[in-house]
Amino acid sequence: MLSNPLPEEFIKGLHIIEELEAAGFEAYFVGGSVRDYLLNRPIHDVDIATSAYPEEVKQVFSQTIDVGIEHGTVLVISDYGQYEVTTFRTESTYQDFRRPDEVTFVRSLAEDLKRRDFTINALAMTKTGAIIDYFDGQIDLENKQLRAVGEPTERFYEDALRMLRGVRFASQLGFEIEAKTFEAIKKHHPLLAHVSIERTHIEWIKMMMGDYRNKGLVSFLDSNLSEMCPGFANQKQRLMSLLTLEAGPIESELAVWGLVVDALELKGQSRLNFIKSWKLSNQLKLQIINVTEALTFLKTSDWDTMTLYGLSPFEVATVEHIRYLKTGVDCSRDTLKRHDNLPIHSKADLAINGRDILNYLHKEPGKWLGETLNELEEAVLCGKVANDKVALMTYIEKEKRN
């Protein structure tokens, strides 16, 4: 495979490799950054593998952090950035399909690469840009194929999350999963139950936000991996409705969950139980509820002032993005303009507050005060009164007389 000019991300990391080599060790760029370089895709994290053991790495560099030293990883801090430097290693048996019973540091690059998940990720590159490929990963890149390194069953028994990573890569890269690898995923899909929901969550969201989402989703459903995810068991038919969405990536995690909750037709306690089962943040839980309630409302009505007012701009944009993916009609600009033109966006925007009302009416605080502020909030939103201190006081006086 023809290589591209060495990008800046690697050039900045060359000094790490050069210093390790000067100390007598081997060092290479490895993994996803090499894959993306060969595919001419944006490069994010540049990882370096070395024959130096962790303590030896720390002796070479003055500034390091032990980010995962038990697995051989040391974070090296330099003037050009931060780089994870990991010792070549092999791994023993896996009792829980997640973590190796023992990690052994080795001096051999070949031993290190053969424990990786897919051939396209088992690539290494020297400081001069020469590619080291023991498992025909470059051929698989050319053929747009995802193939497990060695025996697929062994790779998935080592870490069951690799099965979900496979469908995630299919979604992000638009690759097909090689037949033997896919059959192993389908056969061993129950192993995903051993993986923490936090790790599953990350891969699932990345899959749903991929540029080739349907490739990943079809593999996710056909392999029965979906049956092992919270709330997805026996829901294959409903989840298949997501295959009919407009092409193009989903813009946010919130949009993913909004689409899924809508596809599964979840409401009330069922919706809440589903959200909780994925262990999402409290903020995201609230946003999902707001977005899905708005979607339900819009199935029978058009936007009104109070529905718009109850949402943040991000939530409004998410609702319209979901509607676009479902219908192909994009109304986001007009809807966001309507939201922006609301006279207030929260009760705090009212021109008067509770203290102003107490002073004006010479009354003691009580339940009535909150009710009054609620009435003013609605009156301003509905256009009954301008959001002006004098106008609001006059409105209160009038309501008091009535």
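What follows is a short dialogue on reading domains, burial and helix packing in a predicted model.

Q: Which domains does the domain assignment of the chain give?
A: Start with the bounds, then place the details inside them. The assignment gives domain 1 (1-143), domain 2 (150-244), domain 3 (246-329) and domain 4 (347-400). Between domain 1 and domain 3, the C-alpha centres lie 40 Å apart.

Q: Which residues of helix α2 are buried?
A: Go along the helix and pick out the residues with little accessible area. Helix α2 covers residues 14-22, and its buried residues are Leu14, His15, Ile16, Ile17 and Leu20.

Q: What covers the buried residues of α2?
A: Look for the elements that touch those residues. The cover includes two helices, α1 (8-11) and α4 (54-60). It also includes the strands β1 (27-30), β2 (47-50), β4 (73-78) and β5 (81-87). Just after α2, Gly24 has a positive phi of about 100°.

Q: Why is Leu14 buried, and what does Leu14 touch?
A: Burial is judged by a cut-off on relative accessible area. Leu14, in helix α2, counts as buried because its relative accessible area is 15%, and the cut-off is under 20%. Leaving out residues up to four places away in sequence, Leu14 touches Leu6, Phe29 and Lys127. Leu14 and Phe29 are 15 residues apart in sequence, and their C-alpha atoms are 9.1 Å apart in space.

Q: At what angle do α15 and α17 pack?
A: Take the angle between the axes together with the distance between them. Helix α15 (residues 282-298) packs on helix α17 (residues 313-327) at about 50°, and the axes are 10 Å apart. The pair is therefore oblique. The crossing of α15 past α17 is right-handed.

Q: Which residues of α15 and α17 meet?
A: List each side of the contact in turn. From α15 come Gln287, Asn290, Val291, Ala294, Leu295 and Leu298. They meet Phe314, Glu315, Thr318, Val319, Ile322 and Arg323 of α17. This contact divides into 7 nonpolar, 3 polar and 2 charged residues.

Q: How are α8 and α11 placed, roughly parallel or roughly antiparallel?
A: The directions run from N to C, so angles over 145 degrees count as roughly antiparallel. Helix α8 (residues 161-173) and helix α11 (residues 213-222) cross at roughly 155°, with axes that come within 6 Å. They are therefore roughly antiparallel.

Q: Which residues make the contact of α8 with α11?
A: Again, take one side and then the other. Leu164, Val167, Ala170 and Ser171 of α8 meet Arg213, Lys215, Gly216, Ser219 and Phe220 of α11. By class, the residues of this contact are 4 nonpolar, 3 polar and 2 charged.

Key
Residues are numbered from 1 along each chain as its sequence is written. This is a predicted model: local features need pLDDT of at least 70, side-chain atom pairs count only at pLDDT 80 or more; totals for chains, interfaces and linings use all residues. Side-chain values use heavy atoms; hydrogens and water are left out. Buried means under 20% relative accessible area, exposed over 50%, partly exposed in between (1.4 Å probe, protein chains only). Helices (H or I, at least four residues) and strands (E, at least two) are DSSP runs, numbered from the N terminus. Contact means heavy atoms within 4.5 Å. Domain bounds come from an automatic or database domain assignment. Axes are lines fitted to C-alpha atoms, for helices over the stretch in contact, and angles run from 0 to 180 degrees between N-to-C directions. Angles under 35 degrees count as roughly parallel, over 145 as roughly antiparallel, 65 to 115 as roughly perpendicular and the rest as oblique. A crossing is left-handed if the near helix is turned anticlockwise from the far one by less than a right angle, and right-handed if clockwise. Ala, Val, Leu, Ile, Met, Phe, Trp, Tyr, Cys and Pro count as nonpolar, Asp, Glu, Lys and Arg as charged, and the others, Gly among them, as polar.
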